[in-house]
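This report goes through one molecular model, from the confidence scores to a few selected elements. The sequence and structure come first.

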Amino acid sequence: MLRSGLGKRGDTTVEMGFFMIALIIAAVVAGSFIQKIVSDINGETFEKNYIARDIALTIDVVYAAPGDVEFTYSLKSFKLDVDIRESKVDVKKNVCKKNELPGVYNFFGDREDALKGIIVKKDSGPAPMLIVFSKKGGEVTMKADGNAALHEAISDVCGKA
Amino acid sequence: MKKNNWMLLLARQKKGDGGILSPKMVLLIPDLLFTVVVIVITYFFVLSIILTKTSVSDVESTILASYAHNSKEGFSLLDAKLDRVYPGVVDPARFTTVNLESLFAKENPAIVGRFVKNQTIIDHLRQQEAKLPGEPVRCIATEAGGPVNCAYTNQKKFERWAPYARVGGKGEGSVKPYAEVRYVDTAGGKGAVVETVFLAAS
């Protein structure tokens, strides 16, 4: 038990306690950074950022098109979850993992009719995940195709917890 | 040890018997902070030598310029009866900052642009400063009380970023200009040159 030091032995014990706390906090910080560095080195971060940018620019192009348009975006061999809301594209390996850092990019559509939805993989099969963006009469919508499923809210994918 | 020593004051924790904790323990807090700082610096050092993202600002500026030219809410001529936009035909009445700020409404945009419409190629050549880096462009009213030849997607942010773009800095946090020129027609039947500069933060 830690003692507030009157004597030298008490001081040392409390010092050890503080040292252990510092060590634990430093280990937690170092652990999370190491996890991120590993993710950066193996290209996971790059992939997520690349897909997020690509999808955001695709949405900008669909919004910018002068007439009606339908475009099917294929994630090809990538099996990533895509969360589109508040004019932002978040790409994660698993959208339910709160501590996973996403690839993020913004698109211009900061208004009431901005796209909203979560696209997740149906299964681990080889079929590519497809996102179909459509613009008809000025309204932009999206749907999932292929090995992808579209959900409206995060609770539909991950449950209430 | 001096009684007014700040470290002692920080470390003093009175118990029932009035005992005082060692200042060494207080020193463990900056120790911890420095450890975390070293970890963070190491992390950013590793990050600086690994490619984690690509710059898409060049493509994005072209898309956004097309957005203003092609969109129904942009500055091209709109036939409300047919609900048809005429891309490439600029309507001077719609070539306004208010219109573009509404089209590119965003709380904190990472890319902002300015469109400058010059009526003739001579005006365009005279207004070379419209391109960044260079001197600030002079936005002039085309007629007395008429529309101005400049329109911004976010004027406040553009004016704040423009000096950084002119400096031409490199690395994280720098601002780069992406310029393009389009030859267009105007609703009045005269040709014009629309010069666009988008500024994007790295």
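The text below covers confidence, the largest pocket, two helices and a set of paired strands.

**Confidence**

The model is predicted. For the complex, the predictor gives an ipTM of 0.74 and a pTM of 0.76. The average pLDDT of chain B is 78, and 74% of its residues score at least 70. In residues 14-19 of chain B the pLDDT is below 50, and this stretch has five contacts in the model beyond near neighbours in sequence.

**The largest pocket**

The volume of the largest pocket is about 1,400 Å³. Its lining consists of 48 residues. Those nearest the centre are Thr45(A), Asn49(A) and Arg53(A) from chain A, with Thr52(B) and Lys53(B) from chain B. Several elements give two or more residues to this lining: in chain A these are α1 (8-41), α2 and β4 (103-106), and in chain B they are α2 (23-48), α3 (57-70), β5 and β6.

**Two helices of the lining**

Helix α2 of chain A covers residues 44-64. Its end-to-end distance is set beside that of α3(B) in the table, together with the burial of each helix.

| Helix | Residues in helix | Expected span | Distance between end C-alpha atoms | Buried residues |
|---|---|---|---|---|
| α2(A) | 21 residues | 30 Å | 30 Å | 15 of 21 residues |
| α3(B) | 14 residues | 20 Å | 19 Å | Eleven of 14 residues |

For α2(A), the distance between the end C-alpha atoms agrees with the span expected at 1.5 Å a residue. The value for α3(B) also agrees with its expected span. Helix α2(A) is mostly covered. Because eleven of its 14 residues are buried, α3(B) is largely enclosed by the rest of the structure. Among the buried residues of α3(B) are Glu60(B), Ile63(B), Leu64(B), Tyr67(B) and His69(B).

**Strand β6(B) and its partners**

Which strands pair with β6(B)? One is β3(B), residues 111-118, which runs antiparallel to β6(B) and is joined to it by eight bridges. Within this pairing, Arg114(B) has Val197(B) as its bridge partner. Another is β5(B), residues 175-186, also antiparallel, with eleven bridges to β6(B). Here Arg182(B) stands opposite Val194(B).

Strands β5(B) and β6(B) form a hairpin with four residues between them, and in it Gly189(B) takes a positive phi near 100°. Strand β6(B) itself spans residues 191-201 and is mostly covered, with nine of its eleven residues buried. Both β5 and β6 of chain B also belong to the elements that line the largest pocket.

Terms used
Residues are numbered from 1 along each chain as its sequence is written. Chains are lettered from A and ligands numbered from 1 in the order in which they are written. This is a predicted model: local features need pLDDT of at least 70, side-chain atom pairs count only at pLDDT 80 or more; totals for chains, interfaces and linings use all residues. Side-chain values use heavy atoms; hydrogens and water are left out. Buried means under 20% relative accessible area, exposed over 50%, partly exposed in between (1.4 Å probe, protein chains only). Two strands pair if DSSP finds at least two bridges between them. The expected span of a helix is 1.5 Å times one less than its number of residues. pLDDT is the predictor's confidence in each residue, from 0 to 100. Contact means heavy atoms within 4.5 Å. On a 1 Å grid over the protein atoms alone, a cavity is a set of points where a 1.4 Å probe fits but cannot get out, and a pocket is an open set with protein on both sides within 12 Å along at least five of seven lines; lining residues have an atom within 4 Å of a point. Grid points are joined across faces, edges and corners, and a volume is the space filled by probe spheres set on the points.
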